[in-house]
Amino acid sequence: MNSEIRVTCVADADGRLTFGFPLTAPASAHLLLKARPRKGVPDPAVRRLPLEASGDGRALAVLEPLPALEEGRWDAFLVREPDAEPRQLTSGPLDLRVLVDGARVDRPSPVAVRIPYRALDGFLAVRAWLRPAHAEAGPVEVGDKATTVTARLHGTELGEDAVVRLRGRRSREERVLGPSIDTDGRGLRFTVDHADLTGVDVRYWDVHVLPTADAAPVRVGRVLDDVADRKHSFVYAAAYSRGRLVRPYYTVDNDLSFEVTDPG
């Protein structure tokens with residue numbers, strides 16, 4: 001059985017990812033990034049990155065900021081020869097320090113994000129988001145009767161008629177909120193009354209910002225840092241409201257939603 005190949009990755013401030021291999025490789029070798037299959041997409045996208053000698057006995061592959069990766073999860077493989085079977089790569093140390101404060105820089109449209117991470121099986125993967133605009137969630141303050149969310153818009157700006165919309169998943173139920181907007185037209189803050197989400201047969205409420213009355217909705221989430229999977233690492237307390245429990249949470253795509261459940 002072949003031994004595993006542990007690959008390192010370093011992210012830089014320009015959005016570049018540099019993968020390091022503990023080996024020398026022939027000129028034809030390349031890193032293969034392959035998107036995981038998605039429903040309705042028969043042929044997953046691939047990206048091939050040539051390996052180059054680094055001068056210290058290692059090989060490097062560089063993923064430049066452009067063109068952006070399609071949104072989804074990408075697994076990493078080594079292909080030594082043109083017709084060789086791709087070999088999945090194990091994740092070594094990941095240096096993602098520059099991503100920690102990524103939300104401090106305003107992003108143009110489209111908003112493209114790539115976060116390398118170690119998958120549950122130990123293999124190296126990259127989580128990518130690519131959206132025309134994005135509302136990055138900041139502090140989420142859960143109180144007894146309401147939750148207040150601070151966010152910042154990337155890829156577009158807020159108009160005076162901007163609203164926040166909570167839409168019941170697989171439901172026609174909606175709740176529309178008027179946010180407070182920062183003077184720069186990017187930052188916003190809104191408060192969700194827990195009682196407004198109870199009393200109807202809706203379990204999940206997804207949160208969007210409508211930058212203007214006729215604009216496409218922009219999903220609120222948190223992706224501009226070094227956390228590829230936030231659902232189980234950022235867990236908020238539930239509040240009791242009208243006999244039910246209400247809590248904000250992050251979905252598997254790191255989007256912000258609210259869940260309403262019965263106690264017990």
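This report describes salt bridges in a predicted model.

Side chains of opposite charge can pair when their charged atoms come close. The structure holds 25 salt bridges. Three of the pairs are listed below with the separation of their closest N and O atoms.

| Acidic residue | Basic residue | Closest N and O atoms |
|---|---|---|
| Asp 14 | Arg 16 | 4.0 Å |
| Asp 106 | Arg 152 | 2.9 Å |
| Glu 141 | Arg 189 | 3.3 Å |

**Asp 106 and Arg 152.** The salt bridge between Asp 106 and Arg 152 has its closest N and O atoms 2.9 Å apart. Because Asp 106 belongs to the loop between β9 (90-95) and β10 (111-118), while Arg 152 sits in strand β13 (residues 146-154), this pair ties together parts that are 46 residues apart in sequence. Asp 106 counts as partly exposed, with 35% relative accessibility, and Arg 152 is also partly exposed, at a relative accessible area of 22%.

**Glu 141 and Arg 189.** Glu 141 is bridged to Arg 189. This pair links distant parts of the chain, 48 residues apart: Glu 141 is in strand β12 (residues 134-142) and Arg 189 in strand β17 (residues 187-193). Glu 141 has 38% relative accessibility and counts as partly exposed; Arg 189, at 36%, counts as partly exposed as well.

**Asp 14 and Arg 16.** In the salt bridge of Arg 16 with Asp 14, Asp 14 counts as exposed because its relative accessibility is 57%, a value over 50%. Arg 16 counts as partly exposed, at 25% relative accessibility.

**A network.** Salt bridges also link Glu 71, Arg 131, Arg 169, Asp 206, Arg 219 and Asp 255 in a network.

How values were computed:
Residues numbered from 1 in each chain as written. Predicted model: local features only at pLDDT ≥ 70, side-chain atom pairs only at ≥ 80, totals over all residues. Heavy atoms only, no water. Salt bridge = Lys/Arg side-chain N within 4 Å of Asp/Glu carboxyl O. Buried < 20%, exposed > 50% of the residue type's maximum accessible area, 1.4 Å probe, protein only. Helix = DSSP H or I, 4+ residues; strand = E, 2+ residues; numbered from the N terminus.
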